[in-house]
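Reader: I would like to learn how the terms used for such a model are justified, and I would ask you to set each value against its definition.

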Number of protein chains: 2
Amino acid sequence: MSDTTTSQSVRFEIDTPHRELLDQVLDKWSLQVLNELCERPSRFSELRRLVPAVTQKSLTATLRRLERNGVVERVVLSTRPVAIEYRITPLGKTLRPPVEAILTWAHEYMPDIEEARRRFDE
Amino acid sequence: MSDTTTSQSVRFEIDTPHRELLDQVLDKWSLQVLNELCERPSRFSELRRLVPAVTQKSLTATLRRLERNGVVERVVLSTRPVAIEYRITPLGKTLRPPVEAILTWAHEYMPDIEEARRRFDE
DNA sequence: CGGGATCCCAAGCGATACTG
DNA sequence: CAGTATCGCTTGGGATCCCG
C-alpha cells in the first residue's frame with residue numbers, strides 16, 4: 001500500500017490531492033467556463049453573459065482557481081482602455097477530451113437516469 | 001433557453017439538468033464509492049472502511065443519491081441476519097469509461113498542475 | 001469594465017445519540 | 001449491522017456597495 005508504487009492497474013486510487021484537483025476543475029461553474037473558453041477567448045463580462053446563472057463573485061473565484069491550476073490564462077490586452085481576456089491554456093485543452101466524454105455520457109444516458117429517478121421516487 | 005442558432009458543433013450545452021446530474025454523480029464521495037463498487041459489491045460497513053474519510057451520514061446520502069440516479073443498486077440479501085449489499089448497475093458501468101478518462105487525466109497532468117500552482121502562488 | 005470587500009443566509013457536513 | 005434523527009458549526013454563494 002505504499003503510495004509511491006507505480007501500479008499501472010486499470011483502477012485508480014483517488015487520494016486527497018487528486019480528489020481536490022477534480023473538485024477544483026469539475027465543479028459547478030468550471031465546466032461551463034471551460035466549455036466557453038474552449039470555444040474562444042472571452043472577457044469577464046462576456047463570460048457573465050455566456051454563463052448567466054453565475055454571480056460575479058463566483059465567476060471571479062472560478063477564474064482564479066482555474067488560473068491557479070494552469071488551465072486558464074488571464075491576459076491583459078494593452079488596448080486603449082486596457083481589456084482583460086481569459087484564454088484556455090495548452091494544459092487546459094488536454095482537459096477537453098475527458099470532459100467531453102463525461103458530457104457525452106450525460107447526454108446519452110439522461111433518459112435512463114430520469115426513468116431511474118421516477119422509479120425511485122414513487 | 002431556446003437558442004435558435006443551428007450549431008451542430010461538437011460542443012455540448014451544459015444546461016441545468018445536465019449540470020445537476022454531474023453534480024450528483026461526480027461529487028466528492030460518489031467518485032470514490034463508484035470506484036469501489038466497480039471493483040466488487042460491498043456492504044455499508046465495507047464501504048466505510050474502503051473510503052475512510054467519509055462519515056456515515058455522507059455515505060448514506062451518497063448511496064441514496066446514486067441509487068436514485070440508477071447507477072447503484074441496494075440489494076437486501078436474505079441471509080440469516082439480513083445483510084445489505086450495494087452493487088453497481090449496468091447503467092452505472094457505463095459511467096466507468098468517462099470517469100476513468102478523467103482520472104487518467106488527473107494522474108497524467110498532476111505534475112503540470114502542481115507546477116502551475118507553484119508559479120501562481122509566488 | 002473588472003473586479004475587491006462585506007454582510008449574511010442557507011446548505012453541507014461532522015459529531016453524537018438512538019433504533020430495528 | 002445499517003441506518004435515522006437532531007444539533008451546531010463551518011462554508012459557499014448571493015446580494016450589495018465600492019473602487020481603479
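Author: Let me begin with a definition: a residue is near a molecule or strand if one of its heavy atoms lies within 4 Å of it. By this rule 14 residues surround DNA strand C, and the closest are Arg43(A), Ser45(A), Tyr86(A), Thr55(B) and Lys57(B). The model is a predicted one, in which local features need pLDDT of at least 70, side-chain atom pairs count only at pLDDT 80 or more, and totals for chains, interfaces and linings use all residues. Residues are numbered from 1 along each chain as its sequence is written, chains are lettered from A and ligands numbered from 1 in the order in which they are written, and side-chain values use heavy atoms, with hydrogens and water left out.

Reader: Which parts of DNA strand C come within 4 Å of the protein?

Author: Of the atoms of DNA strand C within that distance, 62% belong to sugar or phosphate, and the rest belong to bases.

Reader: What makes the pair formed by Ser45(A) and a phosphate oxygen of DNA strand C a polar contact?

Author: A polar contact is a pair of N or O atoms within 3.5 Å; within protein, one must be able to donate a hydrogen and the other to accept it, and residues adjacent in sequence count only if both atoms are side-chain atoms. An N or O atom in the side chain of Ser45(A) is 2.6 Å from a phosphate oxygen of DNA strand C, and therefore the pair meets the definition. A polar side-chain atom of Arg64(A) lies 2.9 Å from a phosphate oxygen of this strand, whereas that of Lys57(B) lies 2.5 Å from a base oxygen.

Reader: Which elements give two or more residues to the surface near DNA strand C?

Author: They are helix H3 (44–50), H4 and S3 of chain A, together with H4 of chain B, where helices (H or I, at least four residues) and strands (E, at least two) are DSSP runs, numbered from the N terminus. H4(A) gives the largest share, 4 residues.

Reader: How many residues surround DNA strand D, and into which classes do they divide?

Author: DNA strand D is surrounded by 15 residues, the closest being Lys57(A), Ser58(A), Arg43(B), Gln56(B) and Tyr86(B). Of the atoms of DNA strand D that come within 4 Å of the protein, 65% are accounted for by sugar and phosphate. The residues of this surface divide into 4 nonpolar, 6 polar and 5 charged, where Ala, Val, Leu, Ile, Met, Phe, Trp, Tyr, Cys and Pro count as nonpolar, Asp, Glu, Lys and Arg as charged, and the others, Gly among them, as polar. Among the atom pairs, a polar side-chain atom of Lys57(A) lies 2.4 Å from a base oxygen of DNA strand D, while phosphate oxygens are 2.8 Å from a side-chain N or O atom of Ser45(B) and 2.7 Å from one of Arg74(B).

Reader: How do you know that S2(B) and S3(B) pair?

Author: Two strands pair if DSSP finds at least two bridges between them. Strand S2 (residues 72–77) of chain B and S3(B) have 6 bridges in the antiparallel sense, so the condition is met. One of the bridge partners in S3(B) is Tyr86(B), opposite Arg74(B), and a hairpin of 5 residues joins S2(B) to S3(B).

Reader: Why are S1 and S2 of chain B said to stand at the edges?

Author: The open sheet of 3 strands in chain B has the order S1-S3-S2, with antiparallel pairing. Strand S1 (42–43) and S2 of chain B each have a single partner strand, so one side of each is left without a neighbour in the sheet. Helix H2 (residues 30–39) of chain B lies across S1, S2 and S3 of chain B, at about 95° to S3(B), and H4(B) packs on the sheet, touching S2 and S3 of chain B.

Reader: Why is the relation between chain A and chain B called that of a two-fold axis?

Author: Copies are superposed by least squares on the C-alpha atoms of residues with pLDDT of at least 70 in both. Chain A can be laid on chain B with an RMSD of 0.1 Å by a turn of 180° and a shift of 0.0 Å along the axis, and that is why the relation is one of a two-fold axis. In chain A, the C-alpha nearest the axis is that of Pro98(A), 3.2 Å from it. With contact meaning heavy atoms within 4.5 Å, 98% of the contact residues of chain A recur in chain B.

Terms used:
Axes are lines fitted to C-alpha atoms, for helices over the stretch in contact, and angles run from 0 to 180 degrees between N-to-C directions.
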